[in-house]
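Please open the structure in your viewer and keep the selection panel at hand. The tour begins with one strand and its partners and then turns to the ligand.

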Amino acid sequence: MKILVATDKPFAKAAVDGIRGIVEGAGHTLALLEKYTTPQELYSAVEDVDAMIIRSDKVTSEVIDHAKQLKIVVRAGAGYDNIDLSACSQKGIVAMNTPGQNSNAVAELAIGMMIYMSRGCFNGSTGSELKDKTLGIHAYGNVGKLVAKIAKGFDMNIIAFDPFVSKEAIEADGVKAASSIEELYSSSDFLSLHIPATAQTKKSIGLNLLKLMPKGACLVNTARKEVINEEELVVALEERSDLKYVTDIAADNQATLDQKFQHRVFATPKKMGAQTAEANINAGLAAASQIVKFFESGDTTFQVNK
Ligand code: 3PG
């Protein structure tokens with residue numbers, strides 16, 4: 001079988017070497033398409049492949065149409081909002097993710113961003129500490145749990161809200177379970193977002209929630225830009241000169257935000273939450289192993305388009 005690694009944002013070399021080892025060790029062939037700049041390059045690379053490993057690369061219905069032999073696509077990472085799942089299902093293509101494999105890298109970045117913002121973007125001014133502040137975790141999945149675990153080491157108070165996780169499961173970790181999203185936002189000096197981008201969550205974080213946050217609060221987004229109502233974020237930042245926003249996924253209106261709200265807004269130049277050698281190795285090798293298992297035994301454990 002021919003397995004393509006298509007990554008606009010390439011994996012670390014050690015991860016690519018590891019993927020090659022797994023793929024070729026199982027008797028398959030590896031093809032590599034890195035740093036491509038046009039969808040056409042992806043269209044021609046997928047023509048004759050049986051499997052694909054991707055990151056945030058967009059697998060649209062056009063990509064699927066060109067991939068005549070494709071049987072499986074694995075998103076080396078958590079969020080699979082970049083894959084047209086119904087186009088995959090229509091063609092009988094299995095889509096998977098590799099949950100949890102890059103979570104630690106994202107969680108560490110979320111904490112790093114909180115420190116960066118509470119220390120005035122490292123500009124030498126007097127800042128504040130994380131200790132004794134309340135950290136709200138919006139969605140208590142793999143990343144949210146790790147953020148909570150690390151934040152405990154900073155002596156933060158932690159509160160989480162996740163309608164899909166029971167109060168008991170949250171409180172078993174020593175984290176307060178918020179009974180409503182409003183309670184979460186009104187309690188959180190820092191609010192770390194870990195919700196996926198779905199039809200229900202897109203644009204769901206807006207003025208009504210931001211205006212509830214305590215004085216000096218900071219919204220931390222290592223999730224997806226799509227979950228933010230960007231127009232309302234501007235209004236919230238205009239109405240409240242104390243509010244801060246830090247993100248690993250630049251907003252569509254980032255240039256406006258940067259210009260209007262200097263020192264209160266920061267975006268990484270390119271999504272870097274999962275961009276560590278360790279996360280690349282964990283997620284990339286997991287993706288390769290999942291594909292090998294799928295071809296060996298039909299294993300569909302991490303299928304997301306069931
Ligand atoms: C994920 O969903 O796993 C993260 O957003 C990482 O995305 P990336 O592989 O593009 O860095």
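In which sense do strand 6 and strand 7 pair, and over how many bridges? Select residues 157–161, which form strand 7, together with strand 6: in this predicted model, the two strands pair in the parallel sense over five bridges. Within this pairing, Ile-159 of strand 7 is the residue opposite Gly-136. Then trace the chain between the two strands: it leaves strand 6, passes through helix 6 (residues 142–152) and reaches strand 7, forming a right-handed β-α-β crossover.

Next, add residues 190–193, which make up strand 9. This strand runs parallel to strand 6 and is joined to it by four bridges. Here the residue to find is His-138, which stands opposite Leu-193.

Now isolate residues 134–138, strand 6 itself. Five of its five residues are buried, so the strand is largely enclosed by the rest of the structure. In a regular strand, side chains alternate between the two faces of the sheet. Colour Thr-134, Gly-136 and His-138 for one side and Leu-135 and Ile-137 for the other; both faces are covered.

Finally, select the ligand. The residues surrounding it include Arg-55, Ser-56, Asn-102, Arg-224 and Lys-271. Three polar approaches merit display. An N or O atom in the side chain of Lys-9 lies 2.8 Å from a ligand oxygen atom, and a polar side-chain atom of Arg-75 is 3.0 Å from an oxygen atom of the ligand. At Gly-79, a polar backbone atom is 2.8 Å from a ligand oxygen atom. Of the 320 Å² of accessible area that the ligand has on its own, the protein covers 94%.

Terms used:
Residues are numbered from 1 along each chain as its sequence is written. This is a predicted model: local features need pLDDT of at least 70, side-chain atom pairs count only at pLDDT 80 or more; totals for chains, interfaces and linings use all residues. Side-chain values use heavy atoms; hydrogens and water are left out. Buried means under 20% relative accessible area, exposed over 50%, partly exposed in between (1.4 Å probe, protein chains only). Two strands pair if DSSP finds at least two bridges between them. A crossover is right-handed if, with the strands pointing away from the viewer, the path from the first strand over the helix to the second runs clockwise. A residue is near a molecule or strand if one of its heavy atoms lies within 4 Å of it. A polar contact is a pair of N or O atoms within 3.5 Å; within protein, one must be able to donate a hydrogen and the other to accept it, and residues adjacent in sequence count only if both atoms are side-chain atoms. Accessible areas come from the Shrake-Rupley method with a 1.4 Å probe; for residues, only the protein chains shown count as cover.
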